[in-house]
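Q: Hey, can you walk me through this one? I'm new to reading structures, so plain words please.
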Amino acid sequence: METVALSAPVGDKAARYRELLPQLAALLEGEPDLVANLANAAAALRECVPIASWIGFYVAKAGQLVLGPFQGKVACVRIALGKGVCGTAAAERRTLIVADVEQFPGHIACDAGSRSEIVVPILRGGEVVAVLDLDSYELAAFDEVDAAGLAPIAELLGTLAW
Ligand code: SME
């Protein structure tokens, strides 16, 4: 009897990110509403990255990052550029992987249980329009596989109507 794999094996996160990309593209296709699209993206990512305790967006507005759609506990609303992991990733326009948030000077603890984090800037036309932030209750939850998996997702999200 033929067996059909319905999903990637648990633990193979590279495959899970690869599968998510076309699913996300299909989900966003034809829908112009930014909030709806970010909300669905956060929910889809939540399914894909079970180690994350919080997944969401901070949107660049008037020189600050402002909380956008997310999945998880209530969070800090405004982050200055250059502050915390999110603000640093935005200011430096690069992905930051923080294995232990207690070792990151200026980390903003929205949830005291948070232990590690990855933040990926979302660029449109060379400008940072938002950051995608994933937090985990586990130390060193994120690595280069997450960075590589999230990069094309951030690129796709950069094409939205910011
Ligand atoms: N930890 C982040 C703040 C955002 S919350 O984790 C949702 C930071 O230092 O940028």
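Q: Let's start with the ligand. How far is its oxygen atom from an N or O atom in the side chain of Asp 135?
A: In this predicted model, an oxygen atom of the ligand sits 3.3 Å from an N or O atom in the Asp 135 side chain.

Q: And how much of the ligand does the protein bury?
A: The protein buries 98% of it. Taken alone, the ligand exposes 310 Å².

Q: Which residues are closest to it?
A: Val 85, Cys 86, Ile 108, Cys 110 and Glu 117 are the closest, out of 13 residues that surround the ligand.

Q: What about Glu 117, which ligand atom is its side chain close to?
A: A nitrogen atom of the ligand is 3.1 Å from an N or O atom in the Glu 117 side chain. With Val 85 the backbone is involved: one of its polar backbone atoms is 2.9 Å from an oxygen atom of the ligand.

Q: You listed two cysteines there. How many disulfides are there?
A: The count comes to 1 disulfide. The partners are Cys 76 and Cys 110, with 2.0 Å from S to S.

Q: Remind me, what is a disulfide?
A: It's a covalent bond between the sulfur atoms of two cysteines.

Q: Which parts of the chain does the Cys 76 and Cys 110 pair tie together?
A: Cys 76 is in the loop between strands E2 (64–71) and E3 (78–80), and Cys 110 is in the loop between E4 and E5, so the link ties together parts that are 34 residues apart in sequence. The link is left-handed, with -125 degrees about the S-S bond.

Q: Are those two cysteines buried or partly exposed?
A: Both are partly exposed. Cys 76 has a relative accessible area of 21%, and Cys 110 has 36%.

Q: Why is Cys 86 not bonded to Cys 110?
A: Because the distance is too far for a bond: the sulfur of Cys 86 is 7.6 Å from that of Cys 110, its closest cysteine sulfur. Cys 86 is also buried, at 3% relative accessible area.

Q: And where does Cys 48 stand, how far is its nearest cysteine sulfur?
A: That sulfur belongs to Cys 86 and is 19 Å away, and Cys 48 is in no disulfide. Cys 48 counts as buried too, with 6% relative accessibility.

Q: Switching topic: why is strand E5 largely enclosed?
A: E5 covers residues 116–124, and 7 of its 9 residues are buried, so the rest of the structure largely encloses it.

Q: Which strands does E5 pair with?
A: It runs antiparallel to E4 (residues 96–98), joined by 3 bridges. It also pairs with E6 (residues 127–136), again in the antiparallel sense, over 9 bridges.

Q: Got any examples of residues facing each other there?
A: Sure. Ile 97 has Ile 118 in E5 as its bridge partner, and Arg 124 stands opposite Glu 127 in E6.

Q: What happens at the turn in the hairpin of E5 and E6?
A: There are 2 residues between the strands, and Gly 125 takes a positive phi near 60 degrees.

Q: What about the earlier strands, how many bridges join E1 to E2?
A: 6 bridges join E1 (residues 52–61) to E2, and the two run antiparallel. One of the facing pairs is Val 59 opposite Val 66 in E2. Their hairpin has 2 residues between the strands, with Ala 62 at a positive phi near 50 degrees.

Q: How do E2 and E3 pair?
A: They're antiparallel, over 3 bridges. Leu 65 stands opposite Ile 79 in E3. Here the hairpin has 6 residues between the strands, and Gly 72 takes a positive phi near 140 degrees.

Q: Okay, zoom out. How many helices and strands in total?
A: 4 helices and 6 strands. Read along the sequence, the order is α-α-β-β-β-α-β-β-β-α.

Q: What's the radius of gyration, and what would a compact globule have?
A: The protein has 15 Å, which agrees with the value near 15 Å for a compact globule of 162 residues. Its C-alpha trace spans about 55 × 35 × 25 Å along the principal axes.

Q: Last one: what share of the residues is buried?
A: Of the 162 residues, 44% count as buried.

Key
Residues are numbered from 1 along each chain as its sequence is written. This is a predicted model: local features need pLDDT of at least 70, side-chain atom pairs count only at pLDDT 80 or more; totals for chains, interfaces and linings use all residues. Side-chain values use heavy atoms; hydrogens and water are left out. Buried means under 20% relative accessible area, exposed over 50%, partly exposed in between (1.4 Å probe, protein chains only). Two strands pair if DSSP finds at least two bridges between them. A disulfide is a pair of cysteine sulfur atoms within 2.5 Å. A residue is near a molecule or strand if one of its heavy atoms lies within 4 Å of it. A polar contact is a pair of N or O atoms within 3.5 Å; within protein, one must be able to donate a hydrogen and the other to accept it, and residues adjacent in sequence count only if both atoms are side-chain atoms. Accessible areas come from the Shrake-Rupley method with a 1.4 Å probe; for residues, only the protein chains shown count as cover. The radius of gyration is taken over C-alpha atoms; the globule rule is 2.2 Å times the number of residues to the power 0.38.
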